[in-house]
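Student: Hey, got a minute to go through a protein model with me? I'd like to start with how one helix gets covered.
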Amino acid sequence: LFRSRLGLAPETSLPNRWPHNASMERDIREEKEACRCIHYQSGLPYSFHTWSYPAACMSLTLHKPALHDATKTQWEAISGVEFTGPNLAFGQLLHFRDKRPEKLTLAPNLSPGLFLGFRVESGFRYRGILKVLDYTAYRNDGAVKVLDVPQEEAFTNTDEPPIFPAAKVRDAALRGD
């Protein structure tokens with residue numbers, strides 16, 4: 001009853017058999033298309049699809065109207081509260097306060113990172129934690145270090161369009177620069 005009130009009760013169907021669930025297939029196609037777009041925009045390699053797919057689904061949840069109430073987003077309909085996180089794009093450059101113990105004493109307090117998504121806990125609770133790729137480790141060593149960063153310790157320039165460093169590197173390589 002609760003799921004159907006929110007418009008979440010899917011009509012089931014057998015795979016590869018008639019009748020198909022057109023609305024469910026359309027939703028999955030929309031998720032895949034959103035994932036392709038944000039993944040290409042980020043410039044990150046295909047192996048990051050495990051991060052781009054959840055980010056695309058989260059973006060759709062935050063921006064699409066709910067089925068039962070067009071004045072609310074899907075997030076608001078499911079969680080009951082407005083989303084309080086920043087509006088960031090997958091793969092966007094940000095700087096975060098680096099408090100890791102292995103950080104050198106005289107190194108800058110801020111490190112560059114790429115936004116990979118939000119940490120959402122069970123019950124659709126967002127507690128202000130961002131998933132951030134350590135861009136220095138990725139650029140220098142190819143290491144994939146994903147950090148949990150409180151949103152108060154992540155900084156980006158909201159007055160300018162987002163910067164996608166991995167996409168700039170990809171585009172420069174394609175141009176032959």
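Tutor: Sure. One term to begin with: contact means heavy atoms within 4.5 Å. Keep in mind that this is a predicted model.

Student: Okay, so which residues are buried in helix α6?
Tutor: In α6, which spans residues 165–175, the buried ones are Pro165, Ala166, Ala167 and Ala172.

Student: And what covers the buried residues of α6?
Tutor: The cover includes α2 (22–42), β1 (93–97), β2 and α5 (135–141).

Student: What follows α6?
Tutor: Gly176 does, and its phi is positive, near 90°.

Student: Switching to strands. How many bridges join β2 to β3?
Tutor: Seven, and the two strands run antiparallel. β2 covers residues 110–121, while β3 covers 125–134. Together they make a hairpin with three residues between them. In that turn, Gly123 has a positive phi of about 80°.

Student: Which residue is the bridge partner of Glu121?
Tutor: Arg125, in β3.

Student: Does β3 have another neighbour, and how many bridges join β3 to β4?
Tutor: Five bridges join β3 to β4 (residues 146–150), again antiparallel. Across that pairing, Lys131 stands opposite Asp148 in β4.

Student: Is β3 mostly covered or mostly open?
Tutor: Mostly covered: eight of its 10 residues are buried.

Student: Lys and Asp facing each other makes me think of charges. Which residues are linked with Lys131 in a network of salt bridges?
Tutor: Arg119, Glu121, Arg127 and Asp148 are linked with Lys131 in that network. Side chains of opposite charge can pair when their charged atoms come close.

Student: How many salt bridges does the structure hold?
Tutor: There are 12 salt bridges. One of them pairs Lys64 with Glu30, with the closest N and O atoms 2.9 Å apart. This pair links distant parts of the chain, 34 residues apart: Lys64 is in the loop between α3 and α4 (74–79), and Glu30 is in helix α2.

Student: Are those two buried or exposed?
Tutor: Partly exposed, in both cases. Lys64 has a relative accessible area of 22%, and Glu30 comes in at 30%.

Student: What does Asp134 pair with?
Tutor: Asp134 meets Arg100 in a salt bridge, at 2.8 Å from N to O. Asp134 sits in strand β3 and Arg100 in the loop between β1 and β2, 34 residues apart. Asp134 is buried, at 5% relative accessible area.

Student: New topic: how many disulfides are there?
Tutor: Zero.

Student: Why is there no bond between Cys35 and Cys57?
Tutor: Because the sulfur of Cys35 is 7.6 Å from the sulfur of Cys57, its closest cysteine sulfur, and that's too far for a bond. A disulfide needs the pair of sulfur atoms within 2.5 Å. Cys35 is also buried, with a relative accessible area of 10%.

Student: What is Cys35 in contact with?
Tutor: Ser52 is in contact with Cys35. Leaving aside neighbours within four places in sequence, Ser52 also touches Ile38, His39 and Phe90. Ser52 is in helix α3, and at 0% relative accessibility it counts as buried.

Student: Last one: which residues make the nonpolar surface patch?
Tutor: Met24, Ile28 and Tyr53, giving about 220 Å². Tyr53 is in helix α3, residues 49–63, and counts as partly exposed at 31% relative accessibility.

Definitions and conventions: Residues numbered from 1 in each chain as written. Predicted model: local features only at pLDDT ≥ 70, side-chain atom pairs only at ≥ 80, totals over all residues. Heavy atoms only, no water. Buried < 20%, exposed > 50% of the residue type's maximum accessible area, 1.4 Å probe, protein only. Patch = residues over 30% accessible without salt bridge, like charges linked within 9 Å, V, L, I, M, F, W, Y side chains within 5 Å. Areas by Shrake-Rupley, 256 points an atom, 1.4 Å probe, with all protein chains shown as cover. Salt bridge = Lys/Arg side-chain N within 4 Å of Asp/Glu carboxyl O. Helix = DSSP H or I, 4+ residues; strand = E, 2+ residues; numbered from the N terminus. Pairing = 2+ DSSP bridges.
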